[in-house]
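Let's take a walk through this protein together, one stop at a time. Keep the structure open beside you as you read.

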Amino acid sequence: MDFSNITVLCVGDVMLDRFVYGEMERISPEAPVPVLLLKERKEMPGGAGNVASNIISLGGQAILIGLVGEDEAAVILRDALRLRTGVSEMLVTSPKRPTICKTRFIASHQQVVRADEESRQKLQPEEAELLCRAIDARLEEADVVILSDYGKGVCDSMVVRHLIGEARLRNIPVFVDPKTSDFRHYRGATCITPNAKELVAASGISGTDDASVERAARKVMAEAEADVILATRSEKGMMLVPANGEADAVPARAREVFDVSGAGDTVIATMALAVGSGMSFGQSMRVANAAAGVVVGKLGTATADIGEVTRELQAQNSSIDSPHLLTLNEAKRQVQEWQSQGLTVGFTNGCFDILHPGHISLLAAARAECDRLIVALNDDDSIRRLKGETRPVNTLASRAAVMAAVRYVDAVVAFSEDTPLETLLALMPDVLVKGSDYKPEDVVGAREITDNGGRLFLADLQAGHSTTATIGRILAAE
């Protein structure tokens, strides 16, 4: 799959997603609420901005049109978008409303509270006029259009009618992620992508069986005069219902769901790119289903890249869920691609012979320090040199299979040397993670990574767990 020649015009509610990380140390003496000691803050484009991020992560080009205020959040949002090669923004500034900002406070990998900044007033005529002008200025460049409606004002009737009308005049397909329950609001759209709850609200037809979903989809499709409805059904996968033709459904692959934030953005971005590249709607649905499977296994508002989606498609088509152990060159290309998207790449390494809670604790802490985590495994010969002829207990293939299934891990690579230095120098991650039992001066590669502008993070270890102790208990039990 190659989406590099596809340009998507994204119009909708643009937001700033802010994540504030801290430690919860005590309960406030002023009220029965936790006190959060703030440690770190991360900000990224959200809403329609996350759709644009998904498009470039998948290899396409994005033009982003939305509404922002005259405030600090708008400056931060624009700066974040500039870091995303492949995104061209035409954000309209309005003095009458703040930039939409969602701030999530997180402690111990759990969201404690979310604070939203936004205006509830309807889109003003002058704001709508500016948005329509921005659409007219860039529509000719687009191969496909996405309307991302979060119900925050941008997708009012004037803007929606203008966008769909002008796009259809040019035979540009329009994909809609809906918010309102009246799909007539999106009349003339090519494809509307409601989730199960949105489909029930729009159609008035309940039921989760295939027949009920198809009946509901055909009802709202007729009202919206749309060509296709793609119903996303969480653990049940997706159903594609065309105006002319039979319904088609794909199941979701069984996997641990970590976070569904932004999954809808990933689905519509993938569908638009795939259809824009010439795939059928049925083929595009299968690619979008794979992309959704990737992002729900990640923390926060995540994206999927084309390599991850390809591997997920391979896994879905395989009777054995075999992971993909990257070669060093593949891993290097993957890290460079992530970094080109403005993502922070973390790295940790080890034997990981018998995975135990201590390992999981380390991986969770490592993933909290970065946007993508790559794990380097000692190969079997390397472990034998370090641990003796009785190790490893599990082969590299087996260890890679387990590691690739861990939700905190985004890629796995192996190295044959006694230390990971050669692999580190090839990948040059942004964050090097080791356990707190190491001293900074003893961590292999720490100096090289910090000299390159990266940093070292020593993660607290969960006491009482080790592979050697686990093997000892197994032998004692025999």
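Where is Asn171 found? You'll spot Asn171 in the loop between helix H4 (157-169) and S11. Keep in mind as we go that this is a predicted model. Asn171 has a positive phi of about 60°, although it is not a glycine. Asn171 counts as exposed, because its relative accessibility is 70%.

Met428 also has a backbone worth a look. Its phi is near 45°, again a positive value in a residue other than glycine. Look for Met428 in the loop between helix H14 (421-427) and S19. With 23% relative accessibility, Met428 counts as partly exposed. Another backbone detail sits at Pro392, in the loop between helix H12 (380-387) and helix H13 (396-405). There, Arg391 and Pro392 are joined by a cis peptide bond, with omega at about 5°.

Now for a sheet. Here 5 strands come together in an open sheet, and if you read across it the order is S18-S17-S16-S19-S20, with parallel pairing. Why do S18 and S20 each have one side without a neighbour in the sheet? Strand S18 (411-415) and strand S20 (455-459) stand at the edges, so each has a single partner strand. On average, neighbouring strands in this sheet are turned by 25° against each other, direction ignored. As a general point, strands of a sheet pair through backbone hydrogen bonds, either parallel or antiparallel.

Let's zoom in on one pairing. Strand S16 (residues 345-350) and strand S19 (residues 431-435) run in the parallel sense and pair over 2 bridges. If you start at Gly346, its bridge partner in S19 is Val431. Lying across S16, strand S17 (372-378), S19 and S20 you'll find helix H11 (residues 357-367), which runs at about 140° to S17.

Next come the salt bridges. How many does a search of the whole structure find? The search turns up 28 salt bridges, and we'll visit a few. One of them brings together the side chains of Arg187 and Glu225, at 3.4 Å from N to O. This pair links distant parts of the chain, 38 residues apart: Arg187 is in the loop between strand S11 (174-177) and strand S12 (191-192), while Glu225 is in the loop between helix H6 (210-224) and strand S13 (228-232). Arg187 is partly exposed, because its relative accessible area is 43%.

The side chains of Arg286 and Asp248 also meet in a salt bridge, at 2.9 Å from N to O. Arg286 belongs to helix H8 (residues 281-295) and Asp248 to strand S15 (residues 248-250), so this pair ties together parts that are 38 residues apart in sequence. Arg286 counts as partly exposed at 35% relative accessibility, and Asp248 counts as partly exposed at 24%.

Asp451 and Arg447 give us a pair within one helix. They form a salt bridge in which the closest N and O atoms are 3.7 Å apart. Because they are 4 residues apart in helix H15 (residues 446-451), about one helical turn separates them. Asp451 is exposed, with a relative accessible area of 59%, and Arg447 counts as exposed at 56%. Elsewhere, Arg18, Arg41 and Glu43 are linked in a network of salt bridges.

Arg18 leads us on to Arg104, since the two are in contact. Is Arg104 buried or exposed? Arg104 counts as buried, because its relative accessibility is 10%. You'll find Arg104 in strand S8 (residues 100-107). Beyond its neighbours within four places in sequence, Arg104 has contacts including Asp17, Phe19 and Val113. Arg104 and Asp17 are 87 residues apart in sequence, yet their C-alpha atoms are 7.9 Å apart in space.

Val113 takes us out to the surface: together with Met24 and Val112, it makes a nonpolar surface patch of about 240 Å². Val112 sits in strand S9 (residues 110-117) and counts as partly exposed at 37% relative accessibility.

Our last stop is Ser53 in helix H1 (residues 48-57). With a relative accessible area of 8%, Ser53 is buried. Leaving aside neighbours within four places in sequence, Ser53 is in contact with Pro45, Arg84 and Thr303.

Terms used: Residues numbered from 1 in each chain as written. Predicted model: local features only at pLDDT ≥ 70, side-chain atom pairs only at ≥ 80, totals over all residues. Heavy atoms only, no water. Patch = residues over 30% accessible without salt bridge, like charges linked within 9 Å, V, L, I, M, F, W, Y side chains within 5 Å. Areas by Shrake-Rupley, 256 points an atom, 1.4 Å probe, with all protein chains shown as cover. Salt bridge = Lys/Arg side-chain N within 4 Å of Asp/Glu carboxyl O. Buried < 20%, exposed > 50% of the residue type's maximum accessible area, 1.4 Å probe, protein only. Contact = heavy atoms within 4.5 Å. Pairing = 2+ DSSP bridges. Axes fitted to C-alpha atoms, helices over the stretch in contact; angles between N-to-C directions.
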